[in-house]
Amino acid sequence: MPAGQGNEITLAVDIGGTGIKALLLDSSGKPIGERQRAATPRPATPAAILKLLDAMKNNLGQFDRVSVGFPGVVKKGATLTAHNLHPKWVGFELEKVLMRRWKRPVRVANDAAVQGFGAIHGKGLELVITLGTGFGSSLFINGILVPGLELAHHPWRKGKTYEDDFGKQGIERHGRKKWNRLLEKAIPQLESLFNYDHLYIGGGNAAHITFGLPAHVTRVPNEDGLLGGAALWRARPEHWKLTS
Ligand code: BGC
């Protein structure tokens with residue numbers, strides 16, 4: 001089947017504060033070949049990251065389209081915040097720049113939103129949080145993304161934000177035991193705020209959760225951060241981004 005008729009290969013990219021990953025996916029979201037991973041360059045400017053992405057792309061095979069999970073607010077393809085990268089990302093037209101550079105259609109969304117697309121079931125109110133370098137969050141109503149939800153920098157106790165306590169620095173500062181104690185308190189708080197039907201917890205540090213989770217709260221594999229890239233391309237534009 002020629003490209004454009006349902007067999008498109010997606011180059012899925014996940015830009016993180018610690019590492020950058022890239023993988024080819026078939027249209028059902030199954031990986032093709034090896035995943036590429038490299039440390040996030042410092043300073044993590046757009047120029048440094050684009051240079052690294054070029055090199056990663058050249059190590060992978062042919063692809064028809066690109067999805068990018070970005071660790072900050074994304075609106076209409078532009079990156080508006082990048083707490084764990086570099087101020088030069090503020091207002092950067094990442095989607096347009098990559099489309100010009102790689103001559104392929106590109107979809108850029110917040111990293112927790114892409115992770116969510118890989119994890120959710122598309123029914124009811126589904127909240128996703130990711131525990132990695134930063135604290136990611138995304139909310140879906142019957143599979144439709146509510147763009148722009150940013151819990152990361154919102155204070156939740158004693159003037160500390162979710163990211164202060166649950167991001168990379170939080171787990172390093174508190175140690176795993178206290179981090180778990182705090183997370184066990186934060187989850188019911190999130191539930192009373194959002195009244196979600198289901199909460200998914202992803203990100204590399206979700207593996208450190210030691211307390212029992214209720215049936216409607218599940219851990220999802222960190223790989224969903226990349227695998228959601230194919231699901232992002234299956235979504236109708238108005239179901240994942242603000243189009244006007
Ligand atoms: C950013 C979010 C992002 C999260 C995880 C936070 O610092 O503000 O937009 O989703 O980190 O990368």
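At 43% relative accessibility, Glu 238 counts as partly exposed, a term for residues between buried (under 20% relative accessible area) and exposed (over 50%), computed with a 1.4 Å probe on the protein chains only. The structure containing this residue is a predicted model, in which local features need pLDDT of at least 70, side-chain atom pairs count only at pLDDT 80 or more, and totals for chains, interfaces and linings use all residues. Residues are numbered from 1 along each chain as its sequence is written, and side-chain values use heavy atoms, with hydrogens and water left out.

Glu 238 takes part in a salt bridge with Arg 236, where the closest N and O atoms are 2.9 Å apart. A salt bridge is defined as a side-chain nitrogen of Lys or Arg within 4 Å of a carboxyl oxygen of Asp or Glu. The partner, Arg 236, is partly exposed at 48% relative accessibility. Elsewhere, salt bridges that share partners join Arg 157, Asp 165 and Arg 173 into one network. Within this network, the closest N and O atoms of Asp 165 and Arg 173 are 3.6 Å apart. Asp 165 is buried, with 0% relative accessibility, whereas Arg 173 is partly exposed at 45%. A further salt bridge links Glu 93 to Lys 96, with 3.7 Å between the closest N and O atoms. Here Glu 93 is partly exposed at 32% relative accessibility, and Lys 96 is partly exposed at 46%. In total, the structure holds nine salt bridges.

The discussion now turns to the ligand. There are 13 residues around the ligand, of which Asn 110, Asp 111, Glu 150, His 153 and Glu 163 come nearest; a residue counts as near if one of its heavy atoms lies within 4 Å. Polar side-chain atoms approach oxygen atoms of the ligand at 2.5 Å in the case of Asp 111 and at 2.8 Å in the case of His 153. The protein covers 95% of the 310 Å² of accessible area that the ligand has on its own, areas being calculated by the Shrake-Rupley method with a 1.4 Å probe.

Helix H5 spans residues 168-194 and includes Gln 169; helices (at least four residues) and strands (at least two) are DSSP runs, numbered from the N terminus. Gln 169 is exposed, with a relative accessible area of 62%. Although Gln 169 and Thr 133 are 36 residues apart in sequence, their C-alpha atoms are 7.5 Å apart in space.

Some details of the backbone deserve attention. Most residues other than glycine have a negative phi, and most peptide bonds are trans. Arg 42 and Pro 43, however, are joined by a cis peptide bond, with omega about -10°. Pro 43 belongs to the loop between strand E3 (31-39) and helix H1 (46-58). Asn 142 is not a glycine, yet has a positive phi of about 45°. The loop that holds Asn 142 runs between strand E9 (135-141) and strand E10 (144-146), and Asn 142 is exposed at 52% relative accessible area. Asn 195, also not a glycine, has a positive phi of about 50°. This residue, Asn 195, is placed in the loop between H5 and strand E13 (198-202), and counts as exposed at 53% relative accessibility.

Note on methods:
A polar contact is a pair of N or O atoms within 3.5 Å; within protein, one must be able to donate a hydrogen and the other to accept it, and residues adjacent in sequence count only if both atoms are side-chain atoms.
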